[in-house]
Amino acid sequence: MDLLQQIVERAKSNKQRIVLPEALEERTLTAADRVLADDVADIILIGNPGEIKSLADKLGLTHVGKATIIDPENNPKSEEYAALLTELRKKKGMTIEQARELVKNPLYLGCMIIKTEGADGQISGALSTTGDTLRPALQIIKCAPGISCVSGGLLLISKQKQFGEDGVLVVGDVAVTPMPDANQLAQIAVCTAQTAKSVAGFAEPRVAMLSFSTKGSAKHEVVDKVVEATRLAKEAAPELKIDGELQADAALVPSVGAKKAPGSDIAGKANVLVFPNLEVGNIGYKLVQRLGDAIAIGPILQGIARPVNDLSRGCSVDDIYYMVAITACQAMDAKG
């Protein structure tokens, strides 16, 4: 069974309630129908019920009727949500009138449903920008305890089975924070390890903090940042297996790891890679994807108290289907 199917099976084993606020987008509704047909998750669609039914009929979808549909223009909980949103944002000057309008916005409404424990996660981005997806999540759901930095993890599936876990690596950050400081980088490490457990199913994440230096082979302030981030991550998560700073070959290749970082529990055995900044992470994974013919799944947003994930506007039905399963696995983990 490949990794994606394993993720789907884990989602099926403990069904979560996932909000799809872009219910009138054809790929999204088609993916929702497939999720419901396969019993992967319980789906909450936001949109006009008549328009959703009409689109489902047009597309020949037969399982959309199993979804819970919430009409943002005729929602009996609108006033309750508006009052709560006003309270959450009062320090930012939110008025009840502004809140009443915002809770009609499907992206905000979905986050309010999660905040009030009516759902477990949300996915958007087939129509919306990353900023539009993240803004209500950070304003309403907020970051997980001890986390102030949202990041993007990614599953990299290589044909080179000797690396990571049978060719699977989890990497971060590839999507959100351009120049993390040492504290933010430590948070990214902890969150990426958590993604490795909750989504990739790694029993034991082994985290390498990447740099152009291995154990003092080069001196520079950017190397010092990685060393400090490693220390902070160990302090924040003492149970986490982590080492750094390590060059990529020292992290992945046993013979190189033994030579460059003798005595390290991680060198040559890493299955989680943490990049020193977003530029390196984004370029690095795309090179591996294109030149190494690896499969890249994500980004998977990390650090939010309940999972809210972002899709590419060029996403496929398959992308949405699997992101529902990924979000469900994150939701299970978030509940502890």
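**Exercise 1. Classify Thr28 as buried or exposed, and list its contacts.**

Solution.
Step 1. In this predicted model, Thr28 has a relative accessibility of 3%.
Step 2. Buried means under 20%, so Thr28 counts as buried.
Step 3. Thr28 belongs to helix 2.
Step 4. Leave out residues up to four places away in sequence; Thr28 then touches Leu20, Glu22, Ala126 and Ile320.

**Exercise 2. Place Asn75, classify its burial and find its contacts.**

Solution.
Step 1. Asn75 sits in the loop between strand 3 and helix 4 (78-88).
Step 2. Its relative accessibility is 13%. The cut-off for buried is under 20%, so Asn75 is buried.
Step 3. Beyond residues up to four places away in sequence, Asn75 touches Ile70, Tyr81 and Leu109.
Step 4. Take Leu109 from that list. Asn75 and Leu109 are 34 residues apart in sequence, and their C-alpha atoms are 9.8 Å apart in space.

**Exercise 3. Work out how the buried and exposed residues of helix 3 are arranged around its axis.**

Solution.
Step 1. List the buried residues of helix 3: Ile52, Leu55 and Ala56.
Step 2. Check their spread. They cover an arc of only 100 degrees around the axis, so they lie on the same side of helix 3.
Step 3. Recall the helix geometry. An α-helix has 3.6 residues a turn, so residues three or four places apart point the same way.
Step 4. Look at the face turned away from the buried side. That face of helix 3 carries the exposed residues Lys53 and Lys58.
Step 5. Find the cover. The buried residues of helix 3 are covered by elements including helix 2, strand 2 (42-46) and strand 3 (68-70).

**Exercise 4. Analyse the salt bridge of Lys53 with Asp57.**

Solution.
Step 1. The closest N and O atoms of Lys53 and Asp57 are 3.0 Å apart. The cut-off is within 4 Å, so the pair qualifies as a salt bridge.
Step 2. Both residues lie in helix 3 (residues 49-59), four residues apart, about one turn of the helix.
Step 3. Compare accessibility with the cut-offs. Lys53, at 53%, counts as exposed. Asp57, at 48%, is partly exposed.

**Exercise 5. Repeat the analysis for Asp132 and Arg135.**

Solution.
Step 1. Asp132 and Arg135 form a salt bridge, with 3.0 Å between the closest N and O atoms.
Step 2. The pair lies within helix 7 (residues 130-141), three residues apart, about one turn of the helix.
Step 3. Asp132 is partly exposed at 32% relative accessible area. Arg135 is partly exposed too, at 41%.
Step 4. Now look for shared partners. Glu165, Glu204, Arg206 and Lys241 are joined into one network by salt bridges that share partners.

**Exercise 6. Decide whether the salt bridge of Asp318 and Arg34 links adjacent or distant parts of the chain.**

Solution.
Step 1. Start from the principle. Side chains of opposite charge can pair when their charged atoms come close.
Step 2. The side chains of Asp318 and Arg34 meet at 2.5 Å, N to O.
Step 3. Locate the partners. Asp318 is in helix 13 and Arg34 in helix 2 (residues 26-38), 284 residues apart, and the pair links distant parts of the chain.
Step 4. Asp318 is partly exposed at 38%. Arg34 is partly exposed at 28%.
Step 5. Set the pair in context: the model has 21 salt bridges.

**Exercise 7. Describe the largest pocket by volume, lining and residue class.**

Solution.
Step 1. The volume is about 740 Å³.
Step 2. The lining has 33 residues; Ile147, Val190, Cys191, Gln194 and Asp333 lie nearest the centre.
Step 3. Assign elements. Helix 8 (182-198), helix 9 (221-236), strand 10 (295-302) and helix 13 (317-334) each give at least two lining residues. Helix 8 has the largest share, with 10 residues.
Step 4. Sort by class: 17 nonpolar, nine polar and seven charged.

**Exercise 8. Do the same for the second largest pocket.**

Solution.
Step 1. Its volume is about 550 Å³.
Step 2. There are 23 lining residues, and Gly298, Pro299, Asp310, Ser312 and Met323 lie nearest the centre.
Step 3. Strand 10 and helix 13 are the elements that give two or more residues to this lining. Strand 10 supplies the largest share, six residues.
Step 4. By class, the lining of the second largest pocket holds 14 nonpolar, five polar and four charged residues.

Technical notes:
Residues numbered from 1 in each chain as written. Predicted model: local features only at pLDDT ≥ 70, side-chain atom pairs only at ≥ 80, totals over all residues. Heavy atoms only, no water. 1 Å grid on protein atoms, 1.4 Å probe; cavity = no way out; pocket = protein on both sides within 12 Å on 5 of 7 lines; lining within 4 Å. Points joined across faces, edges and corners; volume = space filled by probe spheres on them. Nonpolar A, V, L, I, M, F, W, Y, C, P; charged D, E, K, R; others polar. Buried < 20%, exposed > 50% of the residue type's maximum accessible area, 1.4 Å probe, protein only. Arc of directions from axis to C-beta. Contact = heavy atoms within 4.5 Å.
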